[in-house]
Amino acid sequence: MAAYNKILATAAAVVLLALMVASAGTTTEAAVTCGTVASSINPCLGYLKGSVAAVPGACCSGIKSLNAAASTTPDRQTACKCLKSAASSISGINLALAAGLPGKCGVSIPYKISPSTDCNQVK
């Protein structure tokens, strides 16, 4: 009887381990956070508010690193939601400048930076 219980416990442990390994590869939680987004776009605020005429190099560096970090659909959706929130909550932001910022930095993103963007549709 003890041998049977030992085999049963081992089999249960193997099944549990297999489930853990299988689920580890299918995580859909985003690695990008709004903190990451905020620190990436912070150098852009002067340009977006019109107090700086040209896009600062640090701004484009932040945009490029954010784009590289947002490599999965959940990451892109999180980045979109954070940018959308920032675009609507930071006073004085020129939304046309915000929408054109990725292009000014030579980055292509699959959505428009705008308070009206449906981030759930971003792939």
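What span should the 17 residues of helix H5 (residues 73–89) have at 1.5 Å a residue, and how far apart are its end C-alpha atoms? The expected span is 24 Å and the end C-alpha atoms are 24 Å apart, so the two values agree.

Helix H5 belongs to a predicted model, so let us begin with how confident the predictor is. The mean pLDDT of the protein chain is 78, and 76% of its residues reach 70 or more. Residues 2–27 are another matter: their pLDDT is below 50, and this stretch makes zero contacts in the model beyond near neighbours in sequence. Where pLDDT is low, the predicted coordinates should not be read in detail.

Now to the fold. The protein chain has six helices and zero strands, giving the pattern α-α-α-α-α-α when read along the sequence. Among contacts between residues at least 6 apart in sequence, 72% join residues at least 24 apart. Of the chain's 123 residues, 28% count as buried. The protein chain exposes about 7400 Å², with carbon and sulfur atoms supplying 62% of that area.

Back to helix H5, this time for its packing. Its buried residues are Asp-75, Arg-76, Gln-77, Ala-79, Cys-80, Cys-82, Leu-83, Ala-86 and Ala-87. These buried residues pack against three helices, which you can find in the structure with this table.

| Helix packed against by the buried residues of H5 | Residues |
|---|---|
| helix H2 | residues 34–41 |
| helix H4 | residues 57–69 |
| helix H6 | residues 95–104 |

Key
Residues are numbered from 1 along each chain as its sequence is written. This is a predicted model: local features need pLDDT of at least 70, side-chain atom pairs count only at pLDDT 80 or more; totals for chains, interfaces and linings use all residues. Side-chain values use heavy atoms; hydrogens and water are left out. Helices (H or I, at least four residues) and strands (E, at least two) are DSSP runs, numbered from the N terminus. The expected span of a helix is 1.5 Å times one less than its number of residues. Buried means under 20% relative accessible area, exposed over 50%, partly exposed in between (1.4 Å probe, protein chains only). Contact means heavy atoms within 4.5 Å. pLDDT is the predictor's confidence in each residue, from 0 to 100. Accessible areas come from the Shrake-Rupley method with a 1.4 Å probe; for residues, only the protein chains shown count as cover.
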